[in-house]
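Hi everyone, thanks for making time. I'd like to walk you through a structure that's new to most of you, so have a look at it first.

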Amino acid sequence: GVVDQLIAGYITKARLHAHEADYQGALNTLKDADKPVVLFGFDRLRLHIVAERIRLYLLIGEDKLAFEEGRKNGLSGPPYHLKPDENSCVDTCILAIARARLALKKNDEFGAVRLLKQWWEYLSEKGAWSLAISVAVRMAVTMAEKDDRCSARRYIVDALSVFYARYFVRC
């Protein structure tokens, strides 16, 4: 619906700015996204904007701002509320990925990877392939950053296998 279109629009615009190294433009886009959240109560949009803001702050080295954003939005402390269960949704997974990013910045590789693995297994079991691919790629990047090339390759192969098997790509 409308919220999904807003999420896609604001996130894409912010990432295009960031890709061009226009980080202020990206942050301004995310600030603009706060307006419909306040006016219409679009909480799903708010959650996605929070996760993107954290990603962007970490990307540009503003770790304190990323942790503050996480703290304000319940992403500090143990991630029990972010583990997948029968009531889980896309929004919870997006926040779990943001929480994993923060954990990695704190050198809590074990906690981050454990949370991401739980989501990979849950999403794969449920057949939520688009999001499962995102989680697998995030795990691969995490493993590569920690010089665990073998695990990184495994997650990339898993993601590519899903891409190919589910016809996300034509080969």
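I'll talk about a few helices, then the pockets, then some single residues. Keep in mind that what you're looking at is a predicted model.

Let's start with helix H8, residues 149-165. With 17 residues at 1.5 Å a residue, H8 should span 24 Å, and its end C-alpha atoms are indeed 24 Å apart, so expectation and model agree. Now, which residues of H8 are buried? They are Ser-151, Ala-152, Tyr-155, Ala-159 and Val-162. These cover an arc of only 110 degrees around the axis, which means they sit on the same side of H8. Here's the background: an α-helix has 3.6 residues a turn, so residues three or four places apart point the same way. Turn to the other side of H8 and you find Cys-150, Arg-153, Leu-160 and Tyr-164, which are exposed. And what covers the buried residues? Helix H6, 109-126, and helix H7, 129-145, are among the elements that do.

That brings us to H7 itself. H7 also has 17 residues, the expected span is 24 Å, and the end C-alpha atoms are 24 Å apart, so that agrees. The buried list in H7 includes Trp-129, Leu-131, Ala-132, Ile-133 and Val-135. Further along H7, Ala-136, Arg-138, Met-139, Ala-140, Thr-142 and Met-143 are buried too. The cover over these residues includes H5, H6 and H8. After H7 comes Asp-147, and its phi is positive, near 60 degrees.

Let me stay with one residue of H7, Ala-140. Is Ala-140 buried or exposed? Its relative accessible area is 4%, and buried means under 20%, so Ala-140 counts as buried. If you leave aside the neighbours within four places in sequence, Ala-140 is in contact with Ala-152, Tyr-155 and Ile-156. Remember that Ala-152 and Tyr-155 are on the buried list of H8. There's also a distance to look at: Ala-140 and Asp-158 are 18 residues apart along the chain, and their C-alpha atoms are separated by 9.7 Å.

Next up is helix H3. Its 17 residues should span 24 Å, and the end C-alpha atoms are 24 Å apart, which agrees. How many of the residues of H3 are buried? It's 13 of the 17, so H3 is largely enclosed by the rest of the structure. H3 is followed by Gly-61, whose phi is positive, near 80 degrees.

Glu-52 is found in H3. At a relative accessible area of 4%, Glu-52 is buried. Beyond its neighbours within four places in sequence, Glu-52 is in contact with Ile-11, Arg-15 and Leu-30.

Hold on to Arg-15, and let's go to the pockets. Rolling a probe the size of a water molecule over the atoms shows where empty space is left. The largest pocket holds about 440 Å³ of space. There are 16 residues lining the largest pocket, and the closest to its centre are Arg-15, Ile-94, Ile-97, Arg-101 and Ser-134. Helix H1 (2-19), helix H3 (43-59), helix H5 (90-105) and H7 each supply at least two residues of that lining. Which element gives the largest share? That's H7, with five residues. By type, the lining divides into nine nonpolar, two polar and five charged residues.

The second largest pocket has about 270 Å³ of space. Its lining is Arg-55, Leu-58, Leu-59, Arg-101, Leu-104, Lys-105, Arg-138, Val-141 and Glu-145. H3, H5 and H7 are the elements that give two or more residues to this lining. Here the division is four nonpolar, no polar and five charged. You'll have spotted Arg-101 in this lining, and Arg-101 also came up near the centre of the largest pocket.

One last residue, Ala-112, which has its place in helix H6. Ala-112 is at 1% relative accessibility and counts as buried. Not counting residues up to four places away in sequence, Ala-112 touches Ala-100, Ala-103 and Leu-104. Ala-112 and Arg-101 are 11 residues apart in sequence and 7.2 Å apart in space, C-alpha to C-alpha.

That's my tour, thanks for listening.

Conventions:
Residues numbered from 1 in each chain as written. Predicted model: local features only at pLDDT ≥ 70, side-chain atom pairs only at ≥ 80, totals over all residues. Heavy atoms only, no water. Helix = DSSP H or I, 4+ residues; strand = E, 2+ residues; numbered from the N terminus. Expected span 1.5 Å × (residues − 1). Buried < 20%, exposed > 50% of the residue type's maximum accessible area, 1.4 Å probe, protein only. Arc of directions from axis to C-beta. Contact = heavy atoms within 4.5 Å. 1 Å grid on protein atoms, 1.4 Å probe; cavity = no way out; pocket = protein on both sides within 12 Å on 5 of 7 lines; lining within 4 Å. Points joined across faces, edges and corners; volume = space filled by probe spheres on them. Nonpolar A, V, L, I, M, F, W, Y, C, P; charged D, E, K, R; others polar.
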